[in-house]
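Let's walk through this model together, starting from one strand pairing and working outwards to the core. Keep the structure open as you read.

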Amino acid sequence: MRKWLLLCIALAVLLAGWRPAAKEPEGLALVRVLGVDGPGPVRLSAVCGGEDQGDQSRGSCDGTDFDQALAGLPWSGEEELSLTSVSYIIVGRDVELREVLLCVLRNRELGASATVWLAEDGASALLEGCGDPASGLDLLTRKGSGAPTAAEALAKLERGEGLTLPLLAGDGPVLIDWEEWRTAP
């Protein structure tokens, strides 16, 4: 009897620790790369997928400012887009970077750990030409070409320090240089 009791307790402990893996709801695509162009109107471009996801859903949305464009972005693709997995933010030269970064840090879905990159000819143009930008940026990061996080970039801007961003172009995307972010006149 004692053996059965011990066996039942061990089985109960094992079953209590088992939980099914969390899954994203059906029809929800995880955005890995977010592109930002324009000071107003603002154009956001989202690309899902990457190494951990086979889905290559895309979406884009325009708004008078970053927050308005962000509000419409989840419903701009063929399926609902989730912003909880954004790893990379690619900005064009014409964005109001400080305002964008403040909005990113205030948003519960977007994270302060997303890295910030600069697109030579604009974020939407770069993302349209890339089949899988998340994998290309993952590779660049593993090679040591890491970009500052949104929190680091905003901290440098707030302190008046120089902010250098990796400059991207073409397919892949490809790192072509590093560029000092120009501050507002």
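**From a strand to the core**

L30 has S82 as its bridge partner in strand 4. This is a predicted model, and that pair makes a handy way in. Strand 4 covers residues 80-82, and three bridges join it to strand 1 in a parallel arrangement.

Stay with strand 1 for a moment, and look at its other partners. Strand 5 also pairs with strand 1 in the parallel sense, over four bridges, and here V33 stands opposite Y88. Strand 2, by contrast, runs antiparallel to strand 1, with six bridges joining the two; V36 and L44 face each other in this pairing. Strands 1 and 2 form a hairpin with four residues between them, and in the turn G38 has a positive phi of about 85°. With these partners in view, the burial of strand 1 is worth checking: ten of its ten residues are buried.

In a regular strand, side chains alternate between the two faces of the sheet. With that in mind, turn to the nonpolar cores. The largest has 37 residues, and V36, L44, F66, V91, L97 and W181 are those with the most contacts inside it. Strand 1, strand 2, helix 2, strand 5, helix 3, strand 6, helix 6 and strand 7 each supply at least two residues of this core. Helix 3 gives the largest share, six residues. A second, separate core of 15 residues includes V33, I90, W117 and C130.

What do the buried residues of helix 3 pack against? They meet strand 1, helix 2, strand 5, strand 6, helix 6 and strand 7. The buried positions in this helix are L97, V100, L101, L102, C103 and V104.

V91 is a good place to see how these parts come together. Beyond its neighbours up to four places away in sequence, V91 touches V36, L97, V116, W117, L118, A119, A123, L165 and W181.

Finally, return to strand 1, where D37 has its place. Is this residue, D37, buried or exposed? D37 is buried, yet has no salt bridge. The nearest side chain of opposite charge belongs to R43, 6.0 Å away. A polar atom of the D37 side chain does lie 2.7 Å from the backbone nitrogen of S124. Setting aside neighbours within four places in sequence, the contacts of D37 are V42, R43, G92, D94, V95, G122, A123 and S124.

Key
Residues numbered from 1 in each chain as written. Predicted model: local features only at pLDDT ≥ 70, side-chain atom pairs only at ≥ 80, totals over all residues. Heavy atoms only, no water. Core = buried A, V, L, I, M, F, W, Y, C linked by side-chain atoms within 4.5 Å. Buried < 20%, exposed > 50% of the residue type's maximum accessible area, 1.4 Å probe, protein only. Contact = heavy atoms within 4.5 Å. Pairing = 2+ DSSP bridges. Lys, Arg positive; Asp, Glu negative; His and termini not counted. Salt bridge = Lys/Arg side-chain N within 4 Å of Asp/Glu carboxyl O. Polar contact = N/O pair within 3.5 Å; in protein donor to acceptor, adjacent residues only side chain to side chain.
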